[in-house]
Amino acid sequence: MNSQTIRALLLALLTAAVALPLGYFTEAGFGWLLFSGGLALQLAFHLLYLSRLEHWSRAPIADPSLEGEGAWDGVFRRLYRHEKELRAQIAARDHEIAMLIAAGQALTDGVVLLDTQYQILFCNRTAEDQLGLKVVTDRGLPIVNLVRQPEFMAYLANEDFNTPLTLRPERNQERVLSIYVVPYAGNRRLMQVKDVTQADRLDRMRRDFVANVSHELRTPLTVLAGFLETLQEIDVDRDERQRYLQMMAEQSDRMQAIVQDLLTLSSIESAPPPESTVVDMASLIDKLRRDAEALSAGRHEIAVEIEGQGDLYGAEPELVSAFANLVANAVRYTPNGGKVTLEWRVLPGGAEFAVRDTGIGIAPEHIPRLTERFYRVDRGRSRDAGGTGLGLAIVKHSLNRHQARLVITSKPGEGSRFAARFPPERVAVV
Ligand code: ADP
């Protein structure tokens, strides 16, 4: 029994102690009246505070006006303190939950929490974007109602989550997602969605590259092996033998050119950014013109156009090889009697080296793919012209390393223009 209860009892006893002698010495009815009046007063007092408590308990907001007297004072104080502590705890917990949600939102992977029926409990913004979900409207809905791709539905239905599911979302087929499902809190599921588009692209490029290299080398190797077999097995006369050897040398040159271009490509890919020096453009263009004349052997008109004054900051060997590639292509893909023009322009917004030709031109659908390794518009024509299909890939890489862009404009049957555009900081004004 606590002190407040003892106090209430004592008060009742005190009323009895006063009413009893009074009733005894005066009238018994008066004593009873006094006793019941005292008890009634106490009861009214308690009923008043009970009704306050009842009112407060309906909406127990932290209400400092909840003050009582006597036994109620302690009760109200404790209740009030308890309520305040509870509110503080709830606020702290709310804050923690908000922080956890914020952390979930900050994840670069998509996260979806699912209940035992695969209904959405939560998903972060990344998952909303990846799977086309909207947490405010989709919470509580089965995820298979929203991501309706058969492979996704089958993956969840099979419940074999040892290997992730690779999914190309219907709404964005360019994207590749890797979906992992992990059980948590008993039968609930956490779905982690990784965007593996870039890794998938690199993987495909690597596979294509290996397949392409093998294919490119296999053709000349097969030809070489064929000639060797013929020469070993059949007695051929001297002229025929000479012809075979000539063709074998051509195939071996081709393989050498491919391997050389592959080595160049891999060296510029792995090497640190090139050391820059001032490249004298006038003498470089003069050298390129002489190379073009030698390659053309009089079959084309070679011209030079220069506008403005300035040189380039860059790695000379890389720039020479990139520009020479463009010049060689222009000569190769321009029929006899055509014209190849080397342009060098220094303008306020930067500088441009371009090679313009009146050659066969390129259809628009091929232009964006020309700098891919081994991409050719006409495989046979490129091979006959001694091309490896790697030239423009090397050019693009070298230009990237100089913050330059390759801009290709072309019209089939009319000619092409390959321009290397350099930013102003690469221009050395003379
Ligand atoms: P290749 O060794 O085959 O010339 P490149 O990477 O240098 O390889 O060029 C890729 C393809 O781009 C060529 O096969 C050719 O189809 C096309 N191409 C390049 N330059 C020209 C040009 N000046 N005119 C027409 N087509 C060109």
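**Notebook: a nonpolar patch and strand 12**

I looked up Leu-22 first and found a relative accessibility of 32%, so the residue counts as partly exposed, since that class lies between the 20% limit for buried and the 50% limit for exposed. I note that the model is a predicted one. I placed Leu-22 in helix 1.

Next I checked what surrounds Leu-22 on the surface. I found Leu-22 in a nonpolar surface patch of about 620 Å². I listed the other members as Leu-11, Leu-14, Val-18, Phe-30, Leu-33 and Leu-34. I then asked which elements give two or more residues to this patch, and they are helix 1 (3-25) and helix 2 (28-58). Helix 1 gives the most, with four residues.

I moved on to strand 12, residues 415-422. Is this strand enclosed or open? I counted seven of its eight residues as buried, so strand 12 is largely enclosed by the rest of the structure.

I looked up the pairing of strand 12 on each partner. With strand 10 (residues 350-357) the run is antiparallel, and six bridges join the two. In that pairing I noted Glu-352, whose bridge partner in strand 12 is Arg-421.

With strand 11 (residues 405-411) I found seven bridges, again in the antiparallel sense. Here Ala-420 of strand 12 stands opposite Leu-406.

Last, I checked the connection between strand 11 and strand 12. The two form a hairpin, with three residues between them. In the turn I recorded a positive phi of about 85° for Gly-413.

Notes
Residues numbered from 1 in each chain as written. Predicted model: local features only at pLDDT ≥ 70, side-chain atom pairs only at ≥ 80, totals over all residues. Heavy atoms only, no water. Patch = residues over 30% accessible without salt bridge, like charges linked within 9 Å, V, L, I, M, F, W, Y side chains within 5 Å. Areas by Shrake-Rupley, 256 points an atom, 1.4 Å probe, with all protein chains shown as cover. Salt bridge = Lys/Arg side-chain N within 4 Å of Asp/Glu carboxyl O. Buried < 20%, exposed > 50% of the residue type's maximum accessible area, 1.4 Å probe, protein only. Pairing = 2+ DSSP bridges.
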